[in-house]
Amino acid sequence: MNVLPGTVYDASLQKIADSNIAHDGDVYANMQEALPKNEQSNFAMLGFDYFDNATLLSELKAGKISYDAYSKQLLTENLTAQLKDKGQVFYSLIKGKTINDFSGWHIAVSAYPSTSKYFGSALVLLLKPTA
């Protein structure tokens, strides 16, 4: 996924994303706790589910749009709506941002494969750069 311009892929963050996607419970807390203590306050998470936009998912499955276009649209919608979980701890880090405001942030993505019944769902883990 290449929809947040200027982000930096982070292999350590990817390991956390890969190890937690199928877990039940508070996924955000699980992932945050897996980070080193000094990075936990800079952690944010975005995501989308396959049921968020049925029309877009149909277009993706039919090959009419790319996964990047699909992801970009859903992430834009989530950021524009200022997220459904406004009370989440990480909200202050991303409040008011657009997909173009994450340059320099570290990123990892965990998405379900096309063979999964959850295809079209993904989590995007972000670490705000420290000065």
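Which residue in β4 is the bridge partner of Val109? In this predicted model, the partner is Val124. This pair offers a convenient way into the sheet, and the description below starts there before turning to the helices and to two asparagines.

Strand β3 (residues 106-111) and strand β4 (residues 122-127) run antiparallel and are joined by 6 bridges. Strand β3 also pairs with strand β1 (residues 8-9), this time in the parallel sense and over 2 bridges. Here Val8 stands opposite His106 of β3. Taken as a whole, the sheet is open and has 4 strands, which follow the order β1-β3-β4-β2 with mixed pairing. The edges are occupied by β1 and β2; each has a single partner strand, so one side of each lacks a neighbour in the sheet.

Helices lie across this sheet. Helix α2 lies across β2 and β4, and its direction makes an angle of about 145° with β2. Helix α4 lies across β2, β3 and β4, running at about 115° to β2.

Helix α4 (residues 67-80) also packs with another helix. Two packed helices are described by the angle between their axes and the distance between the axes. For α3 (residues 54-61) and α4, the axes come within 9 Å and cross at roughly 170°. Angles over 145 degrees count as roughly antiparallel, so α3 is roughly antiparallel to α4. On the α3 side, the contact is made by Leu56, Leu57 and Leu60, which meet Tyr67, Tyr70, Gln73 and Leu74 of α4. Sorted by character, the residues of this contact comprise 6 nonpolar, 1 polar and no charged.

The loop between α2 (27-34) and β2 (43-48) holds Asn38, and Asn42 has its place in the loop between α2 and β2 too. Are these asparagines buried or exposed? Asn38 has a relative accessibility of 60% and counts as exposed, because the cut-off for exposed is over 50%. Asn42, at 16% relative accessibility, counts as buried, because buried means under 20%.

The surroundings of Asn42 can be listed by name. Leaving aside residues up to four places away in sequence, Asn42 touches Leu93, Leu126, Leu127, Lys128 and Thr130. Thr130 also enters the description of Asn38: these two residues are 92 apart in sequence, while their C-alpha atoms are 9.9 Å apart in space.

Note on methods: Residues numbered from 1 in each chain as written. Predicted model: local features only at pLDDT ≥ 70, side-chain atom pairs only at ≥ 80, totals over all residues. Heavy atoms only, no water. Axes fitted to C-alpha atoms, helices over the stretch in contact; angles between N-to-C directions. Parallel < 35°, antiparallel > 145°, perpendicular 65-115°, else oblique. Contact = heavy atoms within 4.5 Å. Nonpolar A, V, L, I, M, F, W, Y, C, P; charged D, E, K, R; others polar. Buried < 20%, exposed > 50% of the residue type's maximum accessible area, 1.4 Å probe, protein only. Pairing = 2+ DSSP bridges.
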